[in-house]
Amino acid sequence: MERIANFLRREDGAITVDWVVLSAAIIGLGMVVLIPIAYSTESSTQQIADGIENQPVGYGNN
């Protein structure tokens with residue numbers, strides 16, 4: 001019974017739980033911020049590619 005009481009009084013694992021929760025929050029916040037940036041970058045890249053594709057190339061096309 002004393003071993004169980006000692007186990008319940010120890011706080012060694014509490015800091016691990018804090019770090020896991022903090023790390024998950026930071027990763028989640030990073031994803032929330034970066035996902036919209038990734039989608040807007042993709043659409044901007046497509047617009048640039050379309051613009052380059054429509055440019056005339058070759059001698060006499062200036």
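## Figure legends: views of a two-helix model

**View 1. The whole chain, with 2 helices and 0 strands**. Welcome to the overview: this is a predicted model, and the protein contains 2 helices and 0 strands. Its radius of gyration is 28 Å, well over the 11 Å that the globule rule gives for 62 residues, so the protein is more spread out than a compact globule. Along the principal axes, the C-alpha atoms fill a box of roughly 95 × 15 × 15 Å.

**View 2. The surface of the protein.** How much of the protein is buried? Buried residues account for 0% of the 62 residues. About 6100 Å² is exposed, and carbon and sulfur atoms supply 65% of that area.

**View 3. Helix α2 from end to end, residues 12-53**. Here you can follow the 42 residues of helix α2. At 1.5 Å a residue they should span 62 Å, and the end C-alpha atoms are 61 Å apart, which agrees.

**View 4. The kink at L34 in α2**. Let's zoom in on L34, which belongs to helix α2. A kink of about 25° lies at this residue, shortly before the proline P36. L34 has 54% relative accessibility, and because the cut-off for exposed is over 50%, L34 counts as exposed.

**View 5. A nonpolar patch that includes L34**. Which residues join L34 in the nonpolar surface patch? They are L29, V32, V33 and I37, and with L34 they have about 490 Å² of accessible area together. As a reminder for reading this view, an α-helix has 3.6 residues a turn, so residues three or four places apart point the same way.

**View 6. I27 in helix α2**. I27 sits in helix α2 and, with 54% relative accessibility, counts as exposed. Its C-alpha atom is separated by 41 Å from that of M1, 26 residues apart along the chain.

Definitions and conventions: Residues are numbered from 1 along each chain as its sequence is written. This is a predicted model: local features need pLDDT of at least 70, side-chain atom pairs count only at pLDDT 80 or more; totals for chains, interfaces and linings use all residues. Side-chain values use heavy atoms; hydrogens and water are left out. Helices (H or I, at least four residues) and strands (E, at least two) are DSSP runs, numbered from the N terminus. The expected span of a helix is 1.5 Å times one less than its number of residues. The bend at a residue is the angle between axes fitted to the seven residues ending there and the seven starting there. Buried means under 20% relative accessible area, exposed over 50%, partly exposed in between (1.4 Å probe, protein chains only). Patches are made of residues with over 30% relative accessible area and no salt bridge: like charges are joined within 9 Å, nonpolar side chains (Val, Leu, Ile, Met, Phe, Trp, Tyr) within 5 Å. Accessible areas come from the Shrake-Rupley method with a 1.4 Å probe; for residues, only the protein chains shown count as cover. A salt bridge is a side-chain nitrogen of Lys or Arg within 4 Å of a carboxyl oxygen of Asp or Glu. The radius of gyration is taken over C-alpha atoms; the globule rule is 2.2 Å times the number of residues to the power 0.38.
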